[in-house]
Amino acid sequence: MCNYNITVDENLLSRNYPGIDSERFGQWLQAWVDDMMDIDDAETSVKSPNAHTYNEMKSTLHKRIDQIESGKATFYSNDEVLSSIRERYGL
């Protein structure tokens, strides 16, 4: 296990994330790092879009367009997405 110290400007924290104190931000940050480091299966882990080749992205886009056009795509409202993020990270 490694420990790192980071410095966060509390004025910026309170301005950018009102209602999130430094302890809660620390918990959120730890959960975010844990998620990043959880690489049980490299094939199913979420990769940055920059980690994909041009052809992989092109193929992914074609599949998504096909799903949308066939009516098989799942859409989520902004409220649903933000609620999921808040729940996952305790915000």
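This report describes aromatic contacts, one helix and a nonpolar surface patch in a predicted model.

**Aromatic pairs**

Across the whole structure, four aromatic pairs are found. In one of them, Trp28 and Tyr89 meet edge-to-face, with 6.1 Å from centre to centre and 65 degrees between the planes. Trp28 belongs to helix α2 (residues 22–37) and Tyr89 to helix α4 (residues 78–89), so this pair ties together parts that lie 61 residues apart in sequence. Trp28 is buried, and Tyr89 is buried as well. Ring pairs also join Trp28 and Tyr89 with Tyr17, Phe25 and Trp32 in a cluster.

**Accessibility of individual residues**

The table gives relative accessible areas for the two paired residues and for Leu91, a residue of the surface patch described below.

| Residue | Relative accessible area | Class |
|---|---|---|
| Trp28 | 19% | buried |
| Tyr89 | 17% | buried |
| Leu91 | 36% | partly exposed |

Trp28 counts as buried because its 19% falls under the 20% limit for that class.

**Helix α3**

Helix α3 (residues 54–70) has 17 residues, which at 1.5 Å a residue should span 24 Å; the C-alpha atoms at its ends are 24 Å apart, in agreement with that expectation. Just after α3, Gly71 adopts a positive phi of about 80 degrees.

**Nonpolar surface patch**

Tyr76, Val81, Leu82, Ile85 and Leu91 make a nonpolar patch of about 450 Å² on the surface. Leu91 is located in the segment after α4, and its relative accessibility of 36% places this residue in the partly exposed class.

How values were computed
Residues numbered from 1 in each chain as written. Predicted model: local features only at pLDDT ≥ 70, side-chain atom pairs only at ≥ 80, totals over all residues. Heavy atoms only, no water. Phe/Tyr/Trp six-rings, centres within 6.5 Å; stacked < 30°, edge-to-face > 60°. Helix = DSSP H or I, 4+ residues; strand = E, 2+ residues; numbered from the N terminus. Buried < 20%, exposed > 50% of the residue type's maximum accessible area, 1.4 Å probe, protein only. Expected span 1.5 Å × (residues − 1). Patch = residues over 30% accessible without salt bridge, like charges linked within 9 Å, V, L, I, M, F, W, Y side chains within 5 Å. Areas by Shrake-Rupley, 256 points an atom, 1.4 Å probe, with all protein chains shown as cover. Salt bridge = Lys/Arg side-chain N within 4 Å of Asp/Glu carboxyl O.
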